[in-house]
Structures are given as C-alpha cells and as structure tokens.
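Visitor: I am new to this structure and would like a close look at a single part of it. Could you choose a place to begin and then take me onward from there, step by step?

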Amino acid sequence: MDLSAGGYLVVYNVLSLGIASMLFTTIFLFFAKDRVLPKYRMAIMVSATVTGIAAYHYFRMFDNFIEVFGPEAVDGATYNVGYRYVDWFLTVPLLLVETIAVLALAAAVQRSLLVRLIPAAALMIGLGYPGDARLDLLYEGDASLWGLFSTIPFLYILYVLFVELGKSLERQSAPVQRRIKELRLLLLATWGVYPIAFIFNMGAVASEGGFIAREVGYSIADILAKCLFGLMIFSIARMKSAEDDAEFAKVENREHA
C-alpha cells in the first residue's frame, strides 16, 4: 500500500502530536506529584508511567512509519501495528490501576476490583491484536471475529467500572463522585473510538483511507485516554488532598493566590 503526499502528512503529523502530548504530560505529572498528599502520589506516578510508556512507543511508531512510507522508504519494510498493542497491553491495565489508586479505597476493595479489571484488560488487548494485524491464527481472514472476542472483556470492564466501582463511590465527596463519573465517561468515549478505527481498516486488503482513519483514530483516542485521563486523575488527587488536609488546602490556595 502506498500513501499519497496528503495522507503521509496527516499520519506524520498525528504521530508527532502523539509524541509531544505523551512526553510533556509525563514531564508535567512527574514534577507535579508533590502537589498532592503522599497517599495519592502513587496514582500520579502510575499516570506518568502510562504516558511515558506511550511516548516511547510513539517514537517507535514514528520511526517505523518513516521507514515504510517516508522519502527514503526501505524496500520490504512493513508498518508494525504491534507497537500499539504492546503499548496498550502495558498501559490499559495501568489506566485502571490509577483509577482505583486515586480513590484510596480500602485495601480489600482495591484488590477485589483490580484482580478482575487487570486480567480483563490484558485479555481485551490480546484478543484484538490478531484481527488488527491480520494474523490468521484460527479463523483465516476473519478480523471481525477477533474484534467480537475482544469486545467481551471490554463489556466486562465497563460493568466493573460502572456497577461495581459505583458501589464504592458512596463514601466519596460530591465533587469527587462527579469527577469520577466524568472519568468513566471519558474512558467509555475514547475506548469506543478504537473499535470504530479497527472496523475502518478491517478489509481483506488495507486501503489508504482505512489506514489513515485507523492511525488518526487510534492516536487521538490515545491522547485523550492517556494524557487527558492522567490530568483528570491529577485533579482528583488534588481535590481529595484538599479534603483530607485543611492545612494542605490552605497552603496550596495561598500559593495560587
């Protein structure tokens, strides 16, 4: 598959946007972690780890893209969608970890949620890869079946986040509950982009339009699901820090005055 000059620039620029977004969100979160109480810093560091891992993989995808489609393309080189799936295999479970960690729930409740969410997240990513990479491991050429398999753990994750986690929000303040609900909706909206982009590129032979739609869709969803998500986790940690410690809130308000 060849890319037109316009198509090349679209993907080139969106991958560059991904690198910048992931890299500088990581730097911000790392240096901002001291602006929350110690009990919430783990959630911030997990958020920074997520965007840091993503920044590394966006560098790899960018280099791979230029190698395949750039002015000095290497003959026989192929675009490796596996970089995205390795990234997601690492970062999607961590996104769920930071969501639970920032609430500072009882240890037993955290453990109960994470032992269900993390395996489901790994299974969701693992089942989606063969269809996206067109690996005919079981059902030759049928990417849609892998997409269906991947949807099952995705729906289970939504159930845990919206139903099971919802039961644990009763002890949170109204502002924190509202922000967590916004966080879950962001996750639902951004994760919903991935299957749409997957479907665009699901044909037996990849087209330029399908490839561009997939790369743009995945990249924008990544930026929202990792960078914006991490910044919202930081805002929740700030809110809970202020609620837990009046002196901390007074100092922070004075510094921002």
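Guide: Let us begin with phenylalanine 59, which in this predicted model is partly exposed, with a relative accessible area of 40%. Its place is in helix α2, the helix that covers residues 38-69. Phenylalanine 59 does not stand alone on the surface, for together with Leu23, Phe24, Ile27, Phe30 and Phe31 it forms a nonpolar patch whose accessible area adds up to about 600 Å². The largest share of that patch, 5 residues, is supplied by helix α1, which covers residues 5-32.

Staying with helix α2, we can turn from the nonpolar patch to a charged contact. Lysine 39 and aspartate 244 bring their side chains together in a salt bridge, with a distance of 3.8 Å from N to O. Because lysine 39 lies in helix α2 whereas aspartate 244 lies in helix α7 (residues 208-244), the pair ties together parts that are 205 residues apart in sequence. As for their surroundings, lysine 39 has 53% relative accessibility and so counts as exposed, while aspartate 244, at 43%, counts as partly exposed.

This contact is one of 9 salt bridges that a search of the whole structure finds, and helix α7 leads us on to another of them. Here the side chain of aspartate 222 meets that of arginine 84 in a salt bridge of 3.3 Å, again taken from N to O. Since aspartate 222 belongs to helix α7 and arginine 84 to helix α3 (residues 82-101), this pair ties together parts that lie 138 residues apart in sequence. Aspartate 222 and arginine 84 are both buried, whereas lysine 39, where we were a moment ago, counts as exposed.

Aspartate 222 also has a partner within its own helix, for its side chain forms a salt bridge of 3.0 Å (N to O) with that of lysine 226. Lysine 226 and aspartate 222 are 4 residues apart in helix α7, and so about one helical turn separates them. Lysine 226, like aspartate 222, is buried. These contacts belong to a wider arrangement, in which salt bridges with shared partners join Arg84, Asp87, Arg214, Glu215, Asp222 and Lys226 into one network.

Looking back along the path, we set out from a partly exposed phenylalanine 59 in a nonpolar surface patch, passed the salt bridge between lysine 39 and aspartate 244, and came at last to the network that includes Arg84, Asp222 and Lys226.

Technical notes:
Residues are numbered from 1 along each chain as its sequence is written. This is a predicted model: local features need pLDDT of at least 70, side-chain atom pairs count only at pLDDT 80 or more; totals for chains, interfaces and linings use all residues. Side-chain values use heavy atoms; hydrogens and water are left out. A salt bridge is a side-chain nitrogen of Lys or Arg within 4 Å of a carboxyl oxygen of Asp or Glu. Helices (H or I, at least four residues) and strands (E, at least two) are DSSP runs, numbered from the N terminus. Buried means under 20% relative accessible area, exposed over 50%, partly exposed in between (1.4 Å probe, protein chains only). Patches are made of residues with over 30% relative accessible area and no salt bridge: like charges are joined within 9 Å, nonpolar side chains (Val, Leu, Ile, Met, Phe, Trp, Tyr) within 5 Å. Accessible areas come from the Shrake-Rupley method with a 1.4 Å probe; for residues, only the protein chains shown count as cover.
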